[in-house]
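Let us take a walk through a protein model together, one feature at a time. Keep the picture open while you read, and look up each residue as it comes along.

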Amino acid sequence: MKTTFLFFLILSFLFLVVALAGNFNQDFDITWGDGRAKILENGQLMTLFLDKASGSGFRSKNQYLFGKIDLKIKLVPGNSAGTVTTYYLSSIGSSHDEIDFEFLGNLSGDPYILHTNVFTQGKGDREQQFYLWFDPTKDFHTYSILWNPQSIIFSVDGTPIRQFKNMESSGIPYPKSQPMWIYSSLWNADDWATRGGLVKTDWTKAPFIASYTNFNAQACVWSSTSTSSSCNSTTQNSWLSENLDITGQSRIKWVQNNYMIYNYCNDIKRFPQGFPRECSLN
């Protein structure tokens with residue numbers, strides 16, 4: 001009897017630690033766009049379309065609480081001004097947590113802006129923005145989110161660009177208890193996306209197309225059938241304790257010294273009463 005109870009207790013664990021080599025048919029649902037999102041090549045490719053009538057988007061079937069998520073994206077080529085391609089993790093509700101990649105389109109020949117943000121308990125305002133050191137429209141590039149109990153690390157093609165550390169001991173909230181879905185979308189935001197809304201979307205260039213492939217998740221999958229569990233650190237899911245080593249710290253400094261164009265922690269006009277507390281702790 002005791003053995004049977006333990007067996008069912010294990011089956012009801014809240015998290016399943018999995019490594020998913022992606023198939024868009026199996027891993028995602030198209031959530032909006034009225035046919036503008038398409039899954040192709042037996043689930044190996046997803047495309048999102050944007051025209052004047054609508055954009056499109058998709059969401060993961062699973063929710064995750066901690067994970068190492070990789071997704072290859074090829075962004076809208078040519079004149080992409082006014083468009084925004086997003087890839088982010090988010091829970092729901094007014095006190096939601098969220099981890100954002102947003103790619104702000106631009107005029108032909110001008111660089112994309114990679115916009116990042118972290119929301120904790122419904123509060124964001126932690127924007128950092130970067131230029132990329134390559135043309136993200138010519139080929140697929142890997143955009144990664146490592147989210148574990150120690151920190152959140154944003155990476156591009158394996159190069160870390162940003163880290164948000166767990167500073168709960170200093171009274172700063174950290175995303176650790178709300179499971180999140182993976183979302184992506186392509187939509188029109190020409191009221192703000194390019195040069196603060198000065199450059200509008202050129203609809204003669206529509207449809208705008210972003211493409212996705214090689215989804216991979218090493219993650220703790222949320223199961224709504226249970227109420228408690230944990231992800232234990234093992235060799236297979238060593239990402240749970242992964243952090244930046246000396247090389248990673250050097251690479252993140254290189255990116256931030258050469259390609260960062262905005263950091264909320266340096267915006268005196270925005271925070272005349274003093275920067276958010278995490279700015280001094282980081």
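Here is a short tour of a sheet, a loop, some charged pairs and one strand residue.

Before we start, please keep in mind that this is a predicted model.

## The sheet

Begin with the strands. Eight of them make up an open sheet, and its order is β2-β5-β14-β7-β8-β9-β10-β16, with antiparallel pairing. What happens at the edges? There stand β2 (28–32) and β16 (260–263), each with a single partner strand, so one side of each has no neighbour in the sheet. Neighbouring strands in this sheet are turned against each other by 15° on average, if direction is ignored. As background, strands of a sheet pair through backbone hydrogen bonds, and they can do so in a parallel or an antiparallel way.

Now zoom in on one pair in this sheet. Strand β8 covers residues 98–104 and strand β9 covers residues 113–119; they pair in the antiparallel sense over seven bridges. You can find E98 opposite F119 of β9.

## The loop between β8 and β9

Follow the chain from β8 towards β9 and you will meet N106 in the loop between them. According to UniProt, in an unreviewed entry, N106 is covered by the annotation "glycosylation site". Is N106 buried or exposed in this model? With a relative accessible area of 11%, N106 is buried, because the cut-off for buried is under 20%. Leaving aside residues up to four places away in sequence, N106 touches G78, N79, S80, A81, P111, T194 and R195.

One of those contacts, R195, appears again in a charged pair. D110 and R195 form a salt bridge, and their closest N and O atoms are 3.0 Å apart. D110 belongs to the loop between β8 and β9, while R195 belongs to the loop between β14 (181–188) and β15 (208–222), so this pair ties together parts that are 85 residues apart in sequence. D110 is partly exposed, at a relative accessible area of 32%.

## Charged pairs

How many salt bridges does the structure hold? The count is eight. In general, side chains of opposite charge can pair when their charged atoms come close. Three of these pairs are set out below.

| Salt bridge | N to O distance |
|---|---|
| K61 and D29 | 2.5 Å |
| D110 and R195 | 3.0 Å |
| E168 and K176 | 3.2 Å |

The pair of K61 and D29 links distant parts of the chain: K61 sits in the loop between β5 (56–60) and β6 (64–74), D29 sits in strand β2, and 32 residues separate them. K61 is partly exposed, with a relative accessible area of 40%. D29 also counts as partly exposed, at 35% relative accessibility.

Turning to E168 and K176, we find that E168 is partly exposed at a relative accessible area of 32%. K176 counts as partly exposed as well, at 44% relative accessibility. Salt bridges can also join up into a network, and here one links D125, E127 and R270.

## A residue in β12

Our last stop is S151, which is found in strand β12 (residues 151–156). S151 has a relative accessible area of 1% and is therefore buried. Which residues does S151 touch, not counting those up to four places away in sequence? They are L146, Q163, F164, K165, N166, Y174 and N243.

Definitions and conventions:
Residues are numbered from 1 along each chain as its sequence is written. This is a predicted model: local features need pLDDT of at least 70, side-chain atom pairs count only at pLDDT 80 or more; totals for chains, interfaces and linings use all residues. Side-chain values use heavy atoms; hydrogens and water are left out. Two strands pair if DSSP finds at least two bridges between them. Helices (H or I, at least four residues) and strands (E, at least two) are DSSP runs, numbered from the N terminus. Axes are lines fitted to C-alpha atoms, for helices over the stretch in contact, and angles run from 0 to 180 degrees between N-to-C directions. UniProt positions are given in the numbering used here, feature names are shortened, and annotations may be inferred rather than shown by experiment. Buried means under 20% relative accessible area, exposed over 50%, partly exposed in between (1.4 Å probe, protein chains only). Contact means heavy atoms within 4.5 Å. A salt bridge is a side-chain nitrogen of Lys or Arg within 4 Å of a carboxyl oxygen of Asp or Glu.
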